[in-house]
Amino acid sequence: MTAILVNLSLLLLLPHVMSGEKVYHNQFAVEVEGGKEAADQLAERHGLVNTGQIGALEGHFLLESHKIEKRSAEPCATTHGLLASDPEVKWFEQQTELGRSKRGRSDL
């Protein structure tokens with residue numbers, strides 16, 4: 001049953017990916033002051049999960065929502081509104097699908 005749902009989701013998203021439209025993930029990169037503790041509090045306040053610091057970027061964390069689809073053709077306006085109105089958030093961006101292509105292949 002899970003495989004059927006995954007395949008159906010991919011079929012629904014495929015036209016968006018092929019047309020060059022963005023596919024939005026349920027993850028948000030955020031910048032906050034105060035380190036991990038501040039990011040944890042921010043995530044809890046908005047029903048998100050702090051999955052940790054983004055690489056070596058100080059003050060940047062990846063927050064994930066389990067309330068929205070993992071992949072969607074539309075950004076999540078609710079979470080965007082919550083993060084945009086929170087004074088502790090310096091910057092945020094909902095993560096999107098990145099396209100990949102091989103270099104040097106002009107015959108495609």
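**Exercise 1. The layout**

How many helices and strands are there in the chain?

*Solution.* Start with the ground rules. This is a predicted model, where local features need pLDDT of at least 70, side-chain atom pairs count only at pLDDT 80 or more, and totals for chains, interfaces and linings use all residues. Residues are numbered from 1 along each chain as its sequence is written, and side-chain values use heavy atoms, with hydrogens and water left out.

Now count. The chain has three helices and five strands. Both are DSSP runs, numbered from the N terminus: helices are H or I with at least four residues, strands are E with at least two. Along the sequence the pattern reads α-β-α-β-β-β-α-β.

**Exercise 2. The two sides of α2**

Find which residues of helix α2 (residues 35-45) are buried, and which are exposed on the other side.

*Solution.* Step one: fix the terms. Buried means under 20% relative accessible area, exposed means over 50%, and partly exposed lies in between (1.4 Å probe, protein chains only).

Step two: list the buried residues of α2. They are A38, A39, L42 and A43. Seen down the helix axis, they fall within an arc of 135 degrees, so they line one face of α2. The arc is that of the directions from the helix axis to the C-beta atoms.

Step three: turn to the other side. There K36, E37 and E44 are exposed.

Step four: see what the buried residues of α2 pack against. The partners are β1 (24-32), β2 (49-53), β3 (60-64), α3 and β5 (89-96). After α2 comes G47, with a positive phi near 70 degrees.

**Exercise 3. The core**

Which residues have the most contacts inside the largest nonpolar core?

*Solution.* A nonpolar core is a set of buried Ala, Val, Leu, Ile, Met, Phe, Trp, Tyr and Cys residues joined through side-chain atoms within 4.5 Å. The largest one has 13 residues, and V30, V32, L42, L63 and L83 have the most contacts inside it. β1, α2 and β3 each supply at least two residues of this core. The largest share, four residues, comes from α2.

**Exercise 4. L83**

Where does L83 lie, and what does it touch?

*Solution.* L83 lies in helix α3 (residues 77-85). L83 is buried, with a relative accessible area of 1%. Contact means heavy atoms within 4.5 Å. Not counting residues up to four places away in sequence, L83 touches F28, V30, L42, H46, L48, V89 and F92. With the same exclusion, L42 is in contact with V30, V32, L63, L83, D86 and V89.
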